[in-house]
Amino acid sequence: MADHLSRRKFLKGASAGAAGLSLAAKPASFLVGQTTPANQRLALLGGKPVRTEPFPAWPVIENNDRKAWSEILESRRWSRLGGRYVAEFEKSWAEKLGARYVLATASGTSALATALNALEVGPGDEVIVPPYTFVATVNVVLLQHALPVFVDTDRETSQIDARKIEAAITGRTRAVLPVHLGGSVADMDTILKVTRPRSIPVVEDACQSHLAEWRHKKVASIGDMGCFSFQASKNLNCSEGGALVTNNPELMRISRSFHNAGRYYSVDADQNVVSSRGPGFSYERNGDNRRLTEFQGVLLLTQLARLEEQARRREQNAAYLKQLLKEIPGVTPQRIYDGCTRHAYHIFMCRYDSEAFGGLPRRRFLQAMRAEGIRCSGGYRPLNKEPFLKATLESRAFRSIYSARQLAELEERNHCPENDKLCQEALSFSQTTLLGTRSDLDQIVEAIRKIHGQAAELARAPLSYDDPLA
Ligand SMILES: Cc1ncc(COP(=O)(O)O)c(C=O)c1O
């Protein structure tokens, strides 16, 4: 009820009366005649911040986490080899996803690399990736000595523009690696429509999308393989960790062995592991050590028990925030595809229109938000333009695999103009922003309103951009 009233009060205050605005562009009805706090001086200009309280702490820790952690410590069974909790988590996560197999790994990056390895992505291959994502999506392709082919972003959704994938496919395309960015979902209908007839495997990077759904099916179980991250910031986390998901027994068999030094596993008819030991020190393949520890496995089990309730809270709060933002021109939540039946809200993604703020640059807007006590950041930079990418492609290994002409052609293909624009205008709020109360969200909107009201003054103020996050 309190939340309901505070929203009504905000909207009423926002639309009543009249006041002089310094904004040159698009003065909005909601700004007219505000009382506090929009008329109060901005914190960045010496006024009081809208918010001084921190947002909810992450991760949530309760007594069962402490108990579980010390149980592992005392048991001396710290490794999954001989332990039981990593295996228990794999089973629970597979059930939750409605998938046949889950393999826990040391990180999301290692889950993705294990998936590409199982699909035999290697030198001479191309993998289609989005340019708007965390760097790991691209790193794993380069680690296989394959070429990342960037397909431009759908600027309205921040997802890979699936309509442009077909044109990027060549005879060398070995896999498509869409990312379900921010907890939303890439357009899986279009992705499968172009990949299935060509038998091109799809690896879903679901590292940010725990419990998200496409047409009521959990992500990571829709393509051939899917990967999650359980790194500290993620909606399900154990400090560092990841998981690979597949319904394909052969891909699971290869991945399981690869992640455990290439060792043999004995499995039953359902691919359940009977033993992780082959005869003596004998190996099925070349491999790596990407195992999760029992400490992490047990924390994932305790955190998993809270995931559904937290996911619901984020969904409700996101719906409320979206409603509030409708009243403000210039901060627009990203569109969600119709097929996305559940959004995980790892990031609440928006776009900033500087014109609606009288030309106030995004950087200064972000500084002002932070000064008001609201965490907000500018999203990703264009990965296709990263200097490290060029350096990697010019390295000895890549030059020995690819001709200068091939590499020059790749550079030509990898332009992503829509993504360039998105990288200038994206705004993001983290998942913990959505875990609190409605008054937290009211304050976010109050801060935006305040900045909007004093945008012209803020743009003129002699401030330095020394905020590293802006
Ligand atoms: C989209 C995406 N892919 C891959 C990863 C890699 O996961 P990790 O950090 O667990 O290696 C992340 C994690 O930040 C991510 O956000």
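In this predicted model, A104 finds its bridge partner at A243, which belongs to β11. That pair is part of a longer match-up: β1 and β11, the latter covering residues 242–246, run antiparallel to each other and are joined over 5 bridges. In general, strands of a sheet pair through backbone hydrogen bonds, and the pairing can be parallel or antiparallel.

Zooming out from A104, the two strands sit in an open sheet of 4 strands, ordered β1-β11-β10-β7, with mixed pairing. The edges are taken by β1 (101–105) and β7 (203–205); each has a single partner strand, so one side of each has no neighbour in the sheet. Going from strand to neighbouring strand, the turn is 20° on average, with direction ignored.

The sheet also has a helix packed on it. Helix α8, residues 249–259, touches β1, β10 (225–229) and β11, and its direction makes about 15° with that of β1. How much of α8 is covered? Of its 11 residues, 8 are buried, so to speak of the helix as mostly covered is fair. The buried set consists of L251, M252, I254, S255, R256, S257, F258 and H259. The cover over these residues includes β1, β10 and β11, and α4 as well. As a general point about α-helices, there are 3.6 residues a turn, so residues three or four places apart point the same way. Just past α8 comes A261, with a positive phi near 65°.

Helix α4 turns up again around the ligand. The ligand is surrounded by 14 residues, and the closest are S107, G108, T109, C207 and S229. Two elements give two or more residues to this shell, namely α4 (108–118) and α5 (136–143). By residue type, the shell is made up of 9 polar, 4 nonpolar and 1 charged.

A few backbone spots deserve a look of their own. As a rule, most residues other than glycine have a negative phi, and most peptide bonds are trans. The peptide bond from W58 to P59, however, is cis, with omega near 0°. P59 lies in the loop between α1 (2–15) and α2 (63–75).

Two more spots concern phi. R215, a residue other than glycine, has a positive phi near 50°. Its loop is the one between β8 (213–214) and β9 (217–218). Is R215 buried or exposed? R215 is exposed, because 12 other C-beta atoms lie within 10 Å and the cut-off for exposed is 12 or fewer. S239 likewise is not a glycine, and its phi is positive, near 85°. This serine is placed in the loop between β10 and β11, two strands of the open sheet described above. S239 counts as exposed too, with 12 other C-beta atoms within 10 Å.

As for the protein chain as a whole, it holds 16 helices and 17 strands. Of its 470 residues, 46% are buried. Contacts often reach far along the sequence: counting those between residues at least 6 apart, 73% join residues at least 24 apart. The A104 and A243 pairing, where this account began, is a bridge between β1 and β11.

Notes: Residues are numbered from 1 along each chain as its sequence is written. This is a predicted model: local features need pLDDT of at least 70, side-chain atom pairs count only at pLDDT 80 or more; totals for chains, interfaces and linings use all residues. A residue is near a molecule or strand if its C-beta atom, placed from the backbone, lies within 6 Å of it. Ala, Val, Leu, Ile, Met, Phe, Trp, Tyr, Cys and Pro count as nonpolar, Asp, Glu, Lys and Arg as charged, and the others, Gly among them, as polar. A residue is buried if 20 or more other C-beta atoms lie within 10 Å of its own, exposed if 12 or fewer, and partly exposed in between; C-beta atoms are placed from the backbone. Two residues are in contact if their C-beta atoms, placed from the backbone, lie within 7 Å. Two strands pair if DSSP finds at least two bridges between them. Axes are lines fitted to C-alpha atoms, for helices over the stretch in contact, and angles run from 0 to 180 degrees between N-to-C directions.
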